[in-house]
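Colleague: Could you take me through one part of this model closely, beginning with a single position and working outwards to the packing around it?

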Amino acid sequence: SQDSPAKGCQRFVVEPNCRRKLMWDLTGVMALAWDFALLPMIAFELPENSVSIVVGLAISIFWTLDIICTFFTGYYDKGNVVSRPRLICTRYLRSWLIPDLTIVSVDWVVFFLDMPGSDASGYARIGRSWRLIRVMRLFRLARLAKAVSMFEELTDIIRSELEQATVTVIKLVVGITLINHLLACGWYGLGNAGLEQPAWVAALVANYGGQTEPDLAYRYLSSLHWSLTQFTPASMEVVPRNKYERLFAISVIILALVIFSSFVSSVTTAMTQLRAIKVKQAKMQEDLRKYVIGHRLSSDLALQMYCFARRHHRTKHTRVHENDLLFLKFMPEKLRFQLHVEIFSPRLMKHPFFFGLAMADKDGLDILCHTAMTEMSFTVGEELFNVGDPCTRMYFALSSGLQYFYMGNRSDEGKA
């Protein structure tokens with residue numbers, strides 16, 4: 001049939017949130033970080049070495065394989081995983097296929113033209129064509145548009161609210177550092193291009209002193225220092241020397257007004273979230289302390305209540321339940337059904353009775369997961385039921401464990 005080839009290819013399709021996909025995205029983020037750090041450095045005319053050639057070749061191979069892998073990677077559509085090869089190919093063709101092919105083609109052309117010892121490299125180094133070929137490598141930076149989605153997929157695996165806020169702050173600091181790195185390289189490239197004299201690079205060399213020119217580290221740090229001063233009230237001795245540099249400096253200042261204000265706002269928001277968590281916990285402890293003092297409770301009982309309150313707070317913020325996420329109530333019934341089956345089915349099947357039910361009637365077990373299962377959290381020492389209570393539910397431990405104990409007395413009452 002016509003669907004048999006598609007069904008055969010569907011076996012190789014991976015889910016968008018599987019571990020292999022996350023590792024592949026992490027490798028892509030590292031490749032993008034390498035390109036973003038080194039490619040703008042062509043303004044400083046860095047010499048080629050064996051490490052940069054090998055890493056550049058590896059990155060080109062990676063992005064070439066990424067095109068193939070994308071044809072076998074599912075995606076989310078309205079909350080559902082799409083794994084049909086025809087739909088994956090159609091979506092890729094309408095989105096990133098043409099840009100990816102263009103960038104990869106430029107990568108390989110530049111690699112062979114720039115490869116030492118090749119005839120094409122010898123002709124390319126004549127005149128200004130050599131500099132043009134080096135500039136063509138900047139096409140790789142177009143992949144930064146993918147970095148946002150890749151980074152979001154990687155940060156989705158973080159569950160803790162504290163870790164999320166920390167990662168947000170780190171992401172903002174790294175982002176503004178990379179922007180300043182790019183501006184520093186552009187600022188040096190403009191000053192070294194020879195469009196008009198005098199230029200700031202020539203003034204830097206003249207003020208350096210001595211018979212030798214400043215080394216690469218000094219020139220780069222001077223450019224980075226100038227870039228950082230445009231985002232802050234600080235100043236330095238490097239200033240524009242011609243109209244092109246003055247225009248570039250004005251543009252950077254306008255850009256800095258927008259970026260730095262957004263950066264400060266985002267950091268303030270993240271720190272406010274962390275502070276709100278601490279304030280809520282402190283308010284609960286203060287109310288408990290007033291309650292203990294007002295009722296003149298014994299020290300032993302008060303200490304037990306303090307310990308229980310701390311454990312309860314940690315347990316509450318460690319695990320999030322379905323009832324805590326209001327948007328889940330508005331999800332399609334089909335998606336909620338899949339959610340319940342994926343969460344509860346593995347736990348139920350550890351019990352021999354439900355394992356047998358799954359073998360005999362898998363659909364019946366799925367319906368049971370959707371209609372009869374719920375999730376609860378308890379702190380250490382909390383009671384689930386007492387002796388003599390009617391049995392209305394069955395408990396399955398997701399983490400930690402349960403202990404049964406009996407404390408008898410004259411009325412034969414106890415706790416379990």
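Modeller: Glycine 189 lies in helix α9, which spans residues 161–192; helices here are DSSP runs of H or I with at least four residues, numbered from the N terminus. This is a predicted model, in which local features need pLDDT of at least 70 and side-chain atom pairs count only at pLDDT 80 or more, while totals for chains, interfaces and linings use all residues. Residues are numbered from 1 along each chain as its sequence is written, and side-chain values use heavy atoms, with hydrogens and water left out.

Glycine 189 counts as partly exposed because its relative accessibility is 25%, where buried means under 20% relative accessible area, exposed means over 50%, and partly exposed is in between, with a 1.4 Å probe and protein chains only. The C-alpha atom of glycine 189 is separated by 9.8 Å from that of serine 223, although the two residues are 34 residues apart along the chain.

Helix α9 also takes part in the largest nonpolar core, to which it gives the most, with 7 residues. A nonpolar core is a set of buried Ala, Val, Leu, Ile, Met, Phe, Trp, Tyr and Cys residues joined through side-chain atoms within 4.5 Å. This largest core has 24 residues, and those with the most contacts inside it are Phe44, Trp200, Tyr220, Trp226, Phe231 and Val238. At least two residues of the core come from each of α9, α10 (200–208), α11 (216–229) and α12 (243–294). Leaving aside residues up to four places away in sequence, valine 238 touches Trp187, Trp200, Leu204 and Trp226, contact meaning heavy atoms within 4.5 Å. A second, separate core has 9 residues, including Leu32, Ile59, Tyr92 and Leu97.

Further along the chain, the axes of helix α14 (residues 333–348) and helix α16 come within 8 Å and cross at roughly 105°; axes are lines fitted to C-alpha atoms, for helices over the stretch in contact, and angles run from 0 to 180 degrees between N-to-C directions. The pair α14 and α16 is therefore roughly perpendicular, a term for angles of 65 to 115 degrees. Among the residues of α14 that meet α16 are Phe337, Val341 and Phe344, and by class this contact has 8 nonpolar, 3 polar and 4 charged residues. Here Ala, Val, Leu, Ile, Met, Phe, Trp, Tyr, Cys and Pro count as nonpolar, Asp, Glu, Lys and Arg as charged, and the others, Gly among them, as polar.

Conventions:
Angles under 35 degrees count as roughly parallel, over 145 as roughly antiparallel, 65 to 115 as roughly perpendicular and the rest as oblique.
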